[in-house]
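Here are a few short exercises to work through with the model open in your viewer. Try each one before reading its solution.

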Amino acid sequence: MLSDKELLHFISTENREETEGLFKSAQKVREEHFGKTVYFRGLIEFTNYCKNDCYYCGIRRSNTRLKRYRLSREQILECCRNGKRLGLRTFVLQGGEDSWFTDERLCKIVRAVRAEFPDHAITLSIGERSRKSYEALFKAGVNRYLLRHESADDKHYRAMHPPEMKLPARKECLFALKEIGFETGAGFMTGSPFQTPQSLLADLRFLAELEPRMVGIGPFIPAANTPFENHPPGDAGLTLRILALTRLLLPRVLLPATTALGTLTKDGREQALAAGANVLMPNLTPQNVRKLYSIYDNKISNNDAAESVRYLVKKIKELGYIPDCLDPADFIA
Ligand code: SAH
């Protein structure tokens, strides 16, 4: 068991031997539990409307410069069909907190996806909702839910969110999701403004307490037209160390090599896989709205879905990993 002192040491160390040792241990633990398999999840960013005003996020409600979009049920189903053709078996529907998507409307969409794709997993990532809402969505066929806790350090959480957003409320959602039976994901950004080693320690300790099935960790990247637009981005090395520590604390966790890390550093996602990550999330969002889901600047978004799945599969095979998705080469002439 890693002590607080050891965790703080690894959070901060830049010593090459130490960090390489850390990444090796994390990779070993990953391999013990998952072998060389890398899991693919198809991401569908289905709305950029948001009623929240997080200081870091490019789709916050106060960003009036952003053109807003919302996909229809048929467009969402079309993304899923495309994902299935590419061999993906999980659809992650992510969006801002968009009040247009009432329980009734969302459940209708979920039931349609569930009916057409009975063997696929459906993941939602649409923020805080009531327990009743989560229950209805679970009943409609959602299997998993991603809700990053963003920061387990109350002071830091308050420095990144307007006063109406509260850490205890977010935590309560996470525990409710778990209780209802979702495979639940938490997570946070690294290198966000006002984050300290102590806040990262609190994040790791919170993860160990919650024991989520999934943990999303990526660097903060400034987004234009937000209060944090002039803050520096997070650091790739720190992100990799935190990923590795998360793998050591939660050996069986599903841990994405995030697009944010790939955006920050070329080969960032590959480095993450070598530091204990085991999930990739290619984007299935239609090309014409992709640029509008601008939670941060310069997000990788130029490839279409087929191209990016094919690229990622080829890349990780070259590195000796086994993609869990069916080989898209078998599907696309
Ligand atoms: N509305 C949903 C989805 C939010 S977007 C929710 O509340 O869960 C998914 C994640 O992107 C967020 O949880 C946040 O951690 C991350 N994110 C937002 N702005 C970012 C930025 N500027 N840099 C890096 N990651 C960011």
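**Exercise 1.** Find the bridge partner of F40 in β8, then place the two strands in their sheet.

*Solution.* In this predicted model, start at F40: its bridge partner in β8 is L280. Next, look at the strands themselves. β1 covers residues 37-40 and pairs with β8 in the parallel sense, over 2 bridges. Now widen the view to the sheet: it is open, has 3 strands in the order β8-β1-β9, and its pairing is parallel. Finally, pick out the edges: β8 (279-280) and β9 (322-323) each pair on one side only.

**Exercise 2.** Count the helices and strands of the protein chain, and work out why the chain is as compact as a globular protein of its length.

*Solution.* Counting gives 13 helices and 9 strands. For 333 residues the globule rule gives 20 Å, and the radius of gyration is 19 Å, close to that value, so the chain is as compact as a globular protein of that length. To picture the extent, take the C-alpha trace along its principal axes: it spans about 50 × 50 × 40 Å.

**Exercise 3.** What share of the residues is buried, and how are contacts and charges distributed?

*Solution.* Begin with burial, meaning under 20% relative accessible area: 57% of the 333 residues qualify. Then take the contacts with a separation of 6 or more: 75% of them join residues 24 or more positions apart. Turning to the outside, the accessible surface comes to about 14600 Å², with 52% belonging to carbon and sulfur atoms. Last, the charges: there are 49 positive and 41 negative side chains, and the centres of the two sets lie 4 Å apart.

How values were computed: Residues are numbered from 1 along each chain as its sequence is written. This is a predicted model: local features need pLDDT of at least 70, side-chain atom pairs count only at pLDDT 80 or more; totals for chains, interfaces and linings use all residues. Side-chain values use heavy atoms; hydrogens and water are left out. Helices (H or I, at least four residues) and strands (E, at least two) are DSSP runs, numbered from the N terminus. The radius of gyration is taken over C-alpha atoms; the globule rule is 2.2 Å times the number of residues to the power 0.38. Buried means under 20% relative accessible area, exposed over 50%, partly exposed in between (1.4 Å probe, protein chains only). Contact means heavy atoms within 4.5 Å. Accessible areas come from the Shrake-Rupley method with a 1.4 Å probe; for residues, only the protein chains shown count as cover. Lys and Arg count as positive and Asp and Glu as negative; His and the chain ends are not counted. The place of a charge is taken as NZ of Lys, CZ of Arg, CG of Asp or CD of Glu. Two strands pair if DSSP finds at least two bridges between them.
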